[in-house]
Amino acid sequence: MNAVPVAAPTRLVDVTVDGTTVKVAEGTTVLQACRGAGCDDIPTLCYGDTLTPKNACRVCMVEVEGSRTLVPSCSRKVEAGMVVHTDTERVQHSRKMVLEFLGSSTDLSVAPHVADWNEQYAVDVDRYGPDRRTKAQPVKRDNELYVRDYEKCILCYKCVDACGEQWQNTFAIAVAGRGFDSHIAAEYDAELPDSACVYCGNCIAVCPTGALMFTSEHDMRADGSWDESRQTETDTICPYCGVGCQLTLHVQDNSIVKVTSPSDHSVTHGNLCIKGRFGFQHVQNH
Ligand code: SF4
Ligand code: SF4
């Protein structure tokens with residue numbers, strides 16, 4: 001009889017989060033352990049549940065006993081007996097500083113949750129004065145499907161990873177420049193239609209700040225008609241091919257205003273192709 005290889009069982013370790021001890025599987029991140037312990041309010045921006053943590057934004061820092069520095073909870077793995085504090089004065093100060101740095105150079109006005117965090121951590125983005133350098137620049141509109149507003153970009157690299165080897169394998173965009181001039185760019189700063197972009201929109205799906213946005217959403221926000229309280233979300237199956245990706249249609253005033261896909265889907269993980277993501281105009285243009 002052939003031997004059936006059996007994976008070694010995952011060891012459980014004890015981790016204490018804000019005084020509550022939980023058992024979590026070895027290899028779990030501190031962020032996951034915190035959520036398992038009921039602590040759901042650690043802010044994150046560059047973290048994405050479908051991407052490898054990048055440690056770029058530093059808003060998820062927590063204090064770990066015995067560690068000289070604060071640690072990024074999204075990527076740090078738990079260790080047996082670890083004692084984590086998520087809301088100490090040092091942690092709060094760090095989050096305030098990070099949100100001030102980000103908010104003083106970029107426009108985070110449509111980034112979900114940021115306004116609440118700013119209030120919670122008493123963030124003052126004007127602290128660095130009127131002469132601070134910002135990423136202010138015109139919105140890039142070089143195709144009909146989505147706009148790129150890099151004034152809102154925090155350089156979290158999520159779009160680069162989604163377009164590259166982690167999902168799409170198209171490699172249309174990358175980080176160009178150095179230091180404060182670092183920016184997300186298509187090859188040689190070309191416009192998207194001249195790049196390798198296939199308009200899957202998987203970069204839009206992971207962007208945490210609205211720097212990448214459906215043209216429909218961008219234009220509705222600009223004319224003041226975007227109203228999420230009047231929108232419904234309906235899950236359906238993409239009609240274009242036999243793969244059958246799951247779509248979530250965001251509908252306002254009986255029109256589809258954008259399309260997403262659940263990130264926890266075991267096959268597509270929130271990713272779509274151009275047809276599923278953008279091919280909805282025929283539904284309402286008849
Ligand atoms: S739309 Fe798709 S191919 Fe184009 S930049 Fe975004 S992830 Fe890459
Ligand atoms: S465009 Fe969005 S996803 Fe890409 S680096 Fe900037 S903030 Fe991150």
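**Reading strands, loops and ligand shells**

Modeller: Let's start with one pair of strands: β11 and β12 (residues 255-260) run antiparallel, and 5 bridges join them. Keep in mind that this is a predicted model.

Biologist: Okay. Which residue in β12 is the bridge partner of Thr 248?

Modeller: That's Thr 260. Follow the chain round to the hairpin of β11 and β12 and you'll find 2 residues between the strands. Asp 253 in this hairpin takes a positive phi near 50 degrees.

Biologist: Which strand does β11 (residues 246-252) join through 7 bridges?

Modeller: Strand β10 (residues 231-237), and those two run antiparallel as well. You can check the pairing residue by residue: Glu 233 stands opposite His 250 in β11, while Thr 234 has Leu 249 across from it.

Biologist: What should I keep in mind about side chains when I look along a strand?

Modeller: In a regular strand, they alternate between the two faces of the sheet.

Biologist: And what is the strand order of the open sheet with 3 strands?

Modeller: The order is β10-β11-β12, with antiparallel pairing. β10 and β12 are the edges and have a single partner strand each, so one side of each has no neighbour in the sheet. From one strand to the next, the twist averages 30 degrees.

Biologist: How do I read the open sheet of 5 strands?

Modeller: Read across it in the order β2-β1-β5-β3-β4, and note that the pairing is mixed. The strands that pair on one side only are β2 (20-25) and β4 (71-72), so-called edge strands. Helix α2 (residues 89-105) packs on this sheet, where it touches β3 (61-64) and β5 (82-85). Compare directions and you get about 160 degrees between α2 and β3.

Biologist: How many bridges do β1 and β2 share?

Modeller: β1 (residues 12-17) and β2 pair over 6 bridges in the antiparallel sense. Val 15 is a handy marker here, as it stands opposite Val 22 in β2. The loop between these two strands holds Asp 18.

Biologist: What is there to notice in the backbone of Asp 18?

Modeller: Its phi is positive, about 50 degrees, although Asp 18 is not a glycine. Leu 155 is another non-glycine residue with a positive phi, near 55 degrees. You'll find Leu 155 in the loop between β6 (146-148) and α4.

Biologist: Is Leu 155 buried or exposed?

Modeller: Count other C-beta atoms within 10 Å: a residue with 20 or more is buried, and one with 12 or fewer is exposed. Leu 155 has 20, so it is buried. Asp 18 has 15, so it is partly exposed.

Biologist: Where is Thr 106 found?

Modeller: In the loop between α2 and α3 (114-120). Thr 106 has 21 other C-beta atoms within 10 Å, so this loop residue is buried. Its contacts, leaving out residues up to four places away in sequence, are Lys 135, Glu 151, Lys 152, Cys 153 and Ile 154.

Biologist: Now the ligands. Which residues come nearest to ligand 2?

Modeller: Cys 153 again, along with Cys 156, Cys 159, Cys 207 and Ala 211, out of 14 residues around ligand 2. Sorted by type, this shell has 12 nonpolar, 1 polar and 1 charged.

Biologist: And how does the shell around ligand 1 divide?

Modeller: Into 9 nonpolar and 4 polar residues, with no charged ones. There are 13 residues around ligand 1, and those that come nearest are Cys 163, Thr 170, Cys 197, Cys 200 and Cys 203. Two helices, α4 (158-163) and α5 (202-206), each supply at least two residues of that shell.

Biologist: What else does Cys 203 touch?

Modeller: Setting aside neighbours within four places in sequence, Cys 203 is in contact with Cys 159, Ala 162, Cys 163, Ile 173 and Leu 212. Several of these names return in the largest nonpolar core, which has 67 residues. The members that touch the most others there are Val 84, Cys 159, Ile 173, Cys 203, Ile 204 and Leu 212.

Biologist: So Cys 203 is a good place to finish: it is among the residues nearest to ligand 1, and it is also one of the core members that touch the most others.

Technical notes:
Residues numbered from 1 in each chain as written. Chains lettered and ligands numbered in written order. Predicted model: local features only at pLDDT ≥ 70, side-chain atom pairs only at ≥ 80, totals over all residues. Near = placed C-beta within 6 Å. Helix = DSSP H or I, 4+ residues; strand = E, 2+ residues; numbered from the N terminus. Nonpolar A, V, L, I, M, F, W, Y, C, P; charged D, E, K, R; others polar. Pairing = 2+ DSSP bridges. Contact = placed C-beta atoms within 7 Å. Axes fitted to C-alpha atoms, helices over the stretch in contact; angles between N-to-C directions. Core = buried A, V, L, I, M, F, W, Y, C linked by C-beta atoms within 7 Å.
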